[in-house]
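Ready for some practice in reading a protein structure? Keep the viewer open and work through the exercises below, trying each one before you read its solution.

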Amino acid sequence: MEISVGQTNSSDNLADKLLFHPLDNIEDVEEFYTAINRSSLTKALSEERPYTYWTIELYDKKNGIRGGGGLGVLAADTRRVAEEQSVPFVLVTPFYPSEQHQHYEYRNGESLNYTSHEPVDYSQYGFDFLDTVNIKAGGQICSLDVVEKILGSTRILCITEPGFGELYSGESGGDHRLYQEVALGFGGYQALKLAGLKPAIMQLNEVATFFAALARLDELASNGMDFYEAVVYTRKHTLYTNHTLVQAAEADFSYDQFERYVFPNLKSPAVRKWLSDKFDNGRIRLSTVTIEIAELRSGVSKLHARVANYHDLAGNKVKFKAVTNGIDIPTWTSEAITDFLEEKGIIDKFYLPAADYEEKIDQVTATEIKSLKSKARAELNQVLSHRVDQYGNHPVVEDDALIYDFKRRFVDYKRPWLPFTDPARIAEILEKHNIHYFLAGRVHEGDSVMSGRLKNLLTIVDQNPILKRRVHYLPDYDEELGRALSVGANVSINTPIVGLEACGTSWMKDIINLGILISTHDGGVADASSDSYLNISGSSEHQEVESLYQRMEEAANAWHSDFDLEYIIKTELKAYLPVISGTRMLKDYLDFLF
Ligand SMILES: *Cc1c(COP(=O)(O)O)cnc(C)c1O
């Protein structure tokens, strides 16, 4: 074939469009690798062979994608940290063409709670269309758009189509979920190749991304590699990050569903046989096969990695390496506080704790803490000026009042009602110490139990004049509220039933913003000892409630006693700064993987 030079036609344009897109600042990464003593990473990771991160949920509205909770926030923060440190990193996720918003009003004893569904267009968020890829699903060929957005050394690579649906739409073991998961895995894997990339590692953020590793196994096995070698190779380069505690809680799929959605996408008969053999009585759980396809496995806090109860097919207990979640510090911290932590030499330019961070933290004074917090309060007020409470009003808080918050998904095990167990008691505490209490958290659509609990809680509030004035429920909890409350609140409350929180990251946002944490000893909080923060103790719920009320009073008093405030804030920061640092998390993953 003759190759014509200097002549463009439509197929050249297509080739050009599909050509590997260079990243922006990849050469800066060496400084970071040196700082973490991993210079060998320059060879292990490159632009064409990046770290790949697979997630069904991303919570990054700035880039057009709204998530549901911690799983998506973690994915967004992991990518941001990689971008800040110039690490070659590709996040593969669906672009959902529609998103949910919660609306809530409480009036005259009635609550009006509904969800609206709003269209989202990727082109309005700076994504470029690359091409389409095809998967087989439900007896049809489905064409998926591949769209990408380059951000420094990272990119967000998405598959999407107009009928893709919303995040977590349909039942968890249903056909539509399986379609979304298969589309992400098989479609996303083709997208990666389309973008000219080969994965150095595949990190699976929970089992909904299993099909990405399966697509890789199938590619290797159908391209001539011996099947067992292909399994070994895939296993060695796949990390399964688990966020769940109990394997049995996961939904399963039927053989028939796999016949319709999964098997038609496999080229290798050996892979098909391997997968068929994993069914038990015609059902399959994705965790079972994810464990088989990923030799590297991690849990999201020390406690979680220890207690997650998973078994492989041979019946052996699965060991999870603990890599505690972190947060991207600049995303979640008031700018004045980030600058302060840098200027004082508490964190370095990589957002890692400086070598002598404990001594540096010891030099912080209550005056500095209070002055930073009052600046940060202005940011919260700014956000409150366009958000509403349960009565449809913009909440206003006097400058000299304290703010407590409880902000997290409204799910049973987090116990948002716990502080309202004794309404007269909490009212007395709020009034005595001039406290406003902010509650934020969405109820999952269709969770009638929790929406009933939210209504009961707001009825208790409505019937008590003090609570009615001081307790504000903010609907449609999102990143903006998550940040504003972390930044502006003085005290935050975290009450998961001990043993049920995998990690949690909201509490990290509270500590880094120099707030006082009141918490049960669970999730990532349990990475440090229980005297590192204001611990809720007790062996019954009754005792925990009593302990919580005492801690609420103690925290209020501390904001009026320089000595106590300094002691509590410094103890928290010293204990948790290394945990909180998202760069530390990325470093831990790199150490584990390479
Ligand atoms: C930080 C954050 C989360 C994480 O919540 P946890 O309950 O601590 O895991 C969830 N949603 C939003 C909007 C957040 O900002």
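The radius of gyration used here is taken over C-alpha atoms, and the globule rule is 2.2 Å times the number of residues to the power 0.38. Keep in mind that this is a predicted model.

**Exercise 1. Find out how the radius of gyration of the chain fits the value for a compact globule.**

Solution.
- Start with the length: for 594 residues, the rule puts a compact globule near 25 Å.
- Now look at the chain: its radius of gyration is 25 Å, so the two agree.
- For the outline, draw a box along the principal axes; the C-alpha atoms fill roughly 85 × 50 × 50 Å.
- Inside that box you can trace 23 helices and 19 strands.

**Exercise 2. Work out which strands stand at the edges of the nine-stranded open sheet.**

Solution.
- Write down the order, 5-6-7-2-1-8-9-12-13, and note that the pairing is mixed.
- Go to the ends: strand 5 (128-137) and strand 13 (321-322) each have a single partner strand, so one side of each has no neighbour in the sheet.
- Zoom in on one pair: strand 9 (residues 238-242) runs parallel to strand 12 (residues 296-299), with four bridges between them.
- In that pair, Tyr240 sits opposite Arg297 of strand 12.

**Exercise 3. Do the same for the six-stranded open sheet.**

Solution.
- The order here is 16-15-14-17-18-19, and the pairing is parallel.
- Strand 16 (471-474) and strand 19 (534-535) are the edges; each has a single partner strand, so one side of each is left free of a neighbour in the sheet.
- Strand 18 (residues 516-519) is joined to strand 19 by two bridges, and Ser519 faces Asn535 in strand 19.

**Exercise 4. Explain where the ligand lies relative to domain 2 and domain 3, and describe what surrounds the ligand.**

Solution.
- Count the shell: 15 residues surround the ligand, with Lys414, Asp478, Thr505, Ser506 and Lys509 the closest.
- Sort them by type: four are nonpolar, six polar and five charged.
- Ask where they come from: helix 4 (70-84), helix 19 (479-488) and helix 20 (506-512) supply at least two each.
- Domain 2 (46-96 + 122-323) and domain 3 (370-581) both contribute to the shell, so the ligand lies between them.
- Check the polar contacts, using a cut-off of 3.5 Å between N or O atoms. The side chain of Lys414 has an N or O atom 2.6 Å from a ligand oxygen, a backbone N or O atom of Thr505 is 2.9 Å from a ligand oxygen, and a polar side-chain atom of Ser506 is 2.7 Å from one.
- Finish with cover: on its own the ligand has 390 Å² of accessible area, and the protein covers 94% of that.

Definitions and conventions
Residues numbered from 1 in each chain as written. Predicted model: local features only at pLDDT ≥ 70, side-chain atom pairs only at ≥ 80, totals over all residues. Heavy atoms only, no water. Near = heavy atom within 4 Å. Polar contact = N/O pair within 3.5 Å; in protein donor to acceptor, adjacent residues only side chain to side chain. Areas by Shrake-Rupley, 256 points an atom, 1.4 Å probe, with all protein chains shown as cover. Nonpolar A, V, L, I, M, F, W, Y, C, P; charged D, E, K, R; others polar. Domains from an automatic or database assignment. Pairing = 2+ DSSP bridges.
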